[in-house]
Amino acid sequence: PPRRVAPRRRRRRRRARRASRDARTARSRAMRPSGRLLRAFKGWLDTRAVVRVAGADAAAFLQGAVTNDVRALREGGDAAYCATLTPKGKIFADAFVRLAGSESDEFLLDVDREKSSEFLRALRMLSLRKRVTIEDANEHRVVVASADADVGDSSARAVRRDERLEQLGFRGIVPASDAAWRDAVADAHARTRIALGVAEGASELANALPLECNFDALNGVSFTKGCYVGQENTARQRFRGVVRKRIAPFVAIEPGARAPSVGEKIVNERGDVVGDVIAAIEDEDAVLGLVRARMSFIRAHVAGEPGSAFRIADGARVGVEPPSWWPTEWLDAAEE
């Protein structure tokens with residue numbers, strides 16, 4: 001005979017399935033192109049800065065300093081999304097590296113503005129006895145982004161598709177005097193990015209492992225390029241095939257919910273800590289954010305298992321829905 005399920009357990013399962021369904025509905029509503037969170041944008045990102053690395057050893061120096069392969073870059077081509085790591089393999093800063101000239105001796109790096117001074121200092125320490133010049137280039141260049149391909153003829157070579165996800169639009173580095181990019185669009189860009197489940201900048205990525213930040217799916221790490229600072233933990237994590245935590249997007253289910261503060265905990269019905277909030281935005285239509293969460297809890301939440309509904313520590317219910325660009329094997333690995 002079929003196994004009987006206690007009424008209390010049935011109610012828990014129904015509640016978990018309903019929470020998961022509500023999260024998908026709320027997130028899909030926020031993700032509609034006509035919605036406020038995915039509004040169009042075109043302008044400069046005042047949260048990012050430009051660093052110039054040039055010299056005879058520039059390519060070899062960057063190759064050993066960042067997680068991605070910079071030797072494959074070409075002038076006017078796509079950038080390499082990457083990160084610099086600490087010796088223990090945790091992210092120090094993320095960056096987009098672009099070849100600035102026809103020769104592989106000058107590169108422009110798009111980095112977090114708040115971290116740019118520390119980033120410059122760290123690169124200079126690594127560059128001892130190497131023929132490279134590392135300098136701040138913000139006076140003459142700015143980082144820009146556009147939701148669509150209408151970037152103008154003058155910027156067509158400098159502004160390319162965002163290397164992480166097609167849905168993030170276009171991104172590049174242009175002269176600061178270019179009037180076509182005079183509007184500041186960092187907030188609109190951040191809304192789109194968070195809605196898609198993509199973290200950026202030191203406040204969201206620092207002290208996390210690259211694979212926890214989904215660099216393997218966002219074209220941010222090369223496993224064939226050779227050695228670089230902090231490589232060992234990244235290679236070991238990939239070899240084992242299990243990443244216990246990942247950054248995922250969440251959406252508040254309850255109407256009128258407030259945006260949680262960075263560092264607040266998301267817990268399940270049993271009180272287990274699922275993860276820490278690393279970013280959140282409050283809008284008229286929705287509250288969305290990013291959480292670095294344990295994959296085993298995400299898998300249980302998506303499956304609607306009893307006790308797997310999520311909430312902020314103060315009580316507001318939230319749903320965590322893996323974005324469409326996540327490989328299906330990530331949830332399978334969490335289950336194993």
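This report describes the chain of a predicted model, from its overall make-up to selected helices, salt bridges and cysteines.

## Overall make-up

The chain holds eight helices and 15 strands. Of its 336 residues, 53% are buried. The surface that the chain exposes comes to about 16,200 Å², and 46% of this area is supplied by carbon and sulfur atoms.

Contacts also show how the chain is arranged. Among those between residues at least 6 apart in sequence, 71% join residues at least 24 apart.

## Helix H4

Helix H4 spans residues 186-196. Ten of its eleven residues are buried, so the helix is largely enclosed by the rest of the structure. The buried residues include the alanines Ala-186, Ala-188, Ala-190 and Ala-195. Charged or polar names also appear in the list, among them Arg-191, Thr-192 and Arg-193. His-189, Ile-194 and Leu-196 complete the buried set.

Gly-197 follows H4. The phi angle of Gly-197 is positive, near 85 degrees.

## Salt bridges

Side chains of opposite charge can pair when their charged atoms come close. A search of the whole structure finds 18 salt bridges. One of them joins Arg-171 and Glu-200, with the closest N and O atoms 3.1 Å apart. Arg-171 belongs to strand S9 (residues 170-175), whereas Glu-200 lies in the loop between H4 and helix H5 (202-205), so this pair ties together parts that are 29 residues apart in sequence. Both Arg-171 and Glu-200 are buried.

A salt bridge also links the side chains of Asp-216 and Arg-246, at 3.0 Å from N to O. Because Asp-216 sits in the loop between H5 and helix H6 (231-240) and Arg-246 in strand S10 (residues 245-252), the pair ties together parts that are 30 residues apart in sequence. Asp-216 is partly exposed, with a relative accessible area of 28%, whereas Arg-246 is buried, with a value of 3%.

## A further pair and a network

Glu-264 and Arg-258 form a salt bridge in which the closest N and O atoms are 3.1 Å apart. Glu-264 is buried, with a relative accessible area of 17%, since the cut-off for buried is under 20%. Arg-258, by contrast, is partly exposed at 39%.

Some salt bridges share partners. Through such sharing, Arg-48, Asp-94, Asp-110, Asp-162, Arg-164, Arg-171 and Glu-200 are joined into one network. The buried pair described above, Arg-171 and Glu-200, thus belongs to this network.

## Arg-131 and its contacts

Arg-131 is located in the loop between helix H3 (116-126) and strand S6 (133-136). The residue is exposed, with a relative accessible area of 59%.

Arg-131 and Gly-55 are separated by 76 residues in sequence, yet their C-alpha atoms are 5.6 Å apart in space. When neighbours within four places in sequence are left aside, Arg-131 is in contact with Ala-54, Gly-55, Ala-56, Asp-57 and Ala-58.

## Cysteines

A disulfide is a covalent bond between the sulfur atoms of two cysteines. A search of the whole structure finds zero disulfides.

Two cysteines may be described by their exposure. Cys-213 is buried, with a relative accessible area of 3%. Cys-227 counts as exposed, at 65% relative accessibility.

Notes. Residues numbered from 1 in each chain as written. Predicted model: local features only at pLDDT ≥ 70, side-chain atom pairs only at ≥ 80, totals over all residues. Heavy atoms only, no water. Buried < 20%, exposed > 50% of the residue type's maximum accessible area, 1.4 Å probe, protein only. Helix = DSSP H or I, 4+ residues; strand = E, 2+ residues; numbered from the N terminus. Contact = heavy atoms within 4.5 Å. Areas by Shrake-Rupley, 256 points an atom, 1.4 Å probe, with all protein chains shown as cover. Salt bridge = Lys/Arg side-chain N within 4 Å of Asp/Glu carboxyl O. Disulfide = S-S within 2.5 Å.
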